[in-house]
Amino acid sequence: MQEEEGSDSDAYNAIMVSNLEQGMQLKNLHYLAARNHFYSCSYKTNLIDLCEILSKRGCHRVPIVEGSGNDAGRCQNIISQSALVKFLSATIPSTNTALDQTLDEAKIPYRKEVVSIVDTASAYDAFSLLDSKRLSGIAVVDEDGMLVGNTSARDIKYAAIDGGRTAMEQDILSYLSVVRQSSPGRRERSPICSVRYDSTVRRLINLLAKTAYHRVFVVDDKKRPVGVISVADVIRFAIGNSDQ
């Protein structure tokens with residue numbers, strides 16, 4: 001049954017969105033400003049140094065700062081982690097045998113604690129978990145622990161844009177199916193980004209380049225998340241194999 005305008009459900013959504021905007025975002029602004037340093041580069045920065053910068057914690061993009069006189073220190077362009085991974089995917093030679101290693105063989109540290117939430121949890125509970133854990137993304141699993149989706153800080157932005165029009169007490173996946181599609185200018189992305197534990201580094205890099213995700217969940221034979229790999233992990237791998 002559809003709720004009438006001005007109902008208790010509308011008020012509930014408005015309160016939750018207000019909490020998201022005023023509580024989470026203001027707190028996030030405080031702790032992000034305190035721990036994320038500002039890095040920049042120039043057009044003369046070499047690829048290895050750029051990789052070193054973009055592999056640092058919390059550094060997802062770097063401004064290219066150039067100019068002289070009155071234009072000194074002006075931002076000329078921006079390079080993101082995703083753009084760097086796309087470049088690596090397109091330019092690393094197919095003869096590079098390092099990419100044919102499995103994740104374990106390449107010693108990529110994917111076996112980390114995977115914070116997850118069940119798919120029956122509300123959107124508000126999922127976003128609250130993101131905020132309380134100070135994470136940029138979490139896995140969404142079913143009752144058997146199988147990976148069925150993911151949600152990230154980007155979705156909190158979509159919630160703020162939605163402004164409470166979509167009920168946040170509904171389950172997280174139903175909520176995301178609405179707000180992600182209604183966000184203007186949003187590019188289509190794969191709903192779940194994951195690789196098996198025995199996948200090759202080449203598949204991992206190509207998947208990140210194709211989807212522009214910032215992380216990939218690693219799953220076992222039963223599609224249960226056993227780890228996560230960030231773009232920064234891939235960039236660090238590239239630095240370690242730069243001689244190839």
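These exercises work through the sheet, the cysteines and the salt bridges of a predicted model.

**Exercise 1. Work out the strand order of the open sheet and name its edge strands.**

Step 1. Count the strands. The open sheet has 3.
Step 2. Put them in order. The order is β3-β4-β5.
Step 3. Find the strands that pair on one side only. These are β3 (116-118) and β5 (147-152), so they are the edge strands by the pairing rule of at least two bridges.
Step 4. Add the twist. From one strand to the next, it averages 30°.

**Exercise 2. Determine the direction in which β4 pairs with β3 and with β5.**

Step 1. Recall the options. Strands of a sheet pair through backbone hydrogen bonds, either parallel or antiparallel.
Step 2. Take β3 and β4. They run parallel and are joined by 3 bridges. One residue to look for is S116, whose bridge partner in β4 is A139.
Step 3. Trace the connection. From β3 the chain passes through helix α4 (residues 123-132) to reach β4, and this β-α-β crossover is right-handed.
Step 4. Take β4 (residues 137-141) and β5. Their pairing is antiparallel, over 5 bridges. Opposite I138 stands T151 of β5. Opposite V140 stands G149 of β5.
Step 5. Inspect the turn. The hairpin of β4 and β5 has 5 residues between the strands, and G145 takes a positive phi near 85°.
Step 6. Conclude. The sheet has mixed pairing.

**Exercise 3. Decide whether the faces of β4 are covered or open.**

Step 1. Recall the pattern. In a regular strand the side chains alternate between the two faces of the sheet.
Step 2. Sort the residues by side. G137, A139 and V141 lie on one side, with I138 and V140 on the other.
Step 3. Check burial. On both sides these residues are buried. The tally for β4 is 5 of its 5 residues.
Step 4. Conclude. Both faces of β4 are covered.

**Exercise 4. Find the number of disulfides, then examine C75.**

Step 1. Recall the bond. A disulfide is a covalent bond between the sulfur atoms of two cysteines.
Step 2. Search the whole structure. The search finds 0 disulfides.
Step 3. Look at C75. Its closest cysteine sulfur is in C41, at 9.1 Å. The cut-off is 2.5 Å, so this pair is too far apart for a bond.
Step 4. Check exposure. C75 is partly exposed, at 41% relative accessibility. C193 is buried, at 2%.

**Exercise 5. Locate three of the salt bridges and describe the setting of their partners.**

Step 1. Start with the total. The structure holds 8 salt bridges.
Step 2. Take R202 and D100. Their closest N and O atoms are 3.1 Å apart. R202 sits in helix α7 (residues 201-211), and D100 in the loop between α3 (81-91) and β3. The two are 102 residues apart. D100 is partly exposed, at 43% relative accessibility.
Step 3. Take R180 and D155. Here the closest N and O atoms are 2.9 Å apart. R180 belongs to helix α6 (residues 172-182) and D155 to helix α5 (residues 153-162), 25 residues apart. R180 is buried at 14% relative accessibility. D155 is buried at 1%.
Step 4. Take D220 and R224. Their side chains meet at 3.0 Å, N to O. D220 is buried, with a relative accessible area of 16%. R224 is partly exposed, at 35%.
Step 5. Look for shared partners. Salt bridges join K112, D233 and R236 into one network.

Methods: Residues are numbered from 1 along each chain as its sequence is written. This is a predicted model: local features need pLDDT of at least 70, side-chain atom pairs count only at pLDDT 80 or more; totals for chains, interfaces and linings use all residues. Side-chain values use heavy atoms; hydrogens and water are left out. Helices (H or I, at least four residues) and strands (E, at least two) are DSSP runs, numbered from the N terminus. Axes are lines fitted to C-alpha atoms, for helices over the stretch in contact, and angles run from 0 to 180 degrees between N-to-C directions. Buried means under 20% relative accessible area, exposed over 50%, partly exposed in between (1.4 Å probe, protein chains only). A salt bridge is a side-chain nitrogen of Lys or Arg within 4 Å of a carboxyl oxygen of Asp or Glu. A crossover is right-handed if, with the strands pointing away from the viewer, the path from the first strand over the helix to the second runs clockwise.
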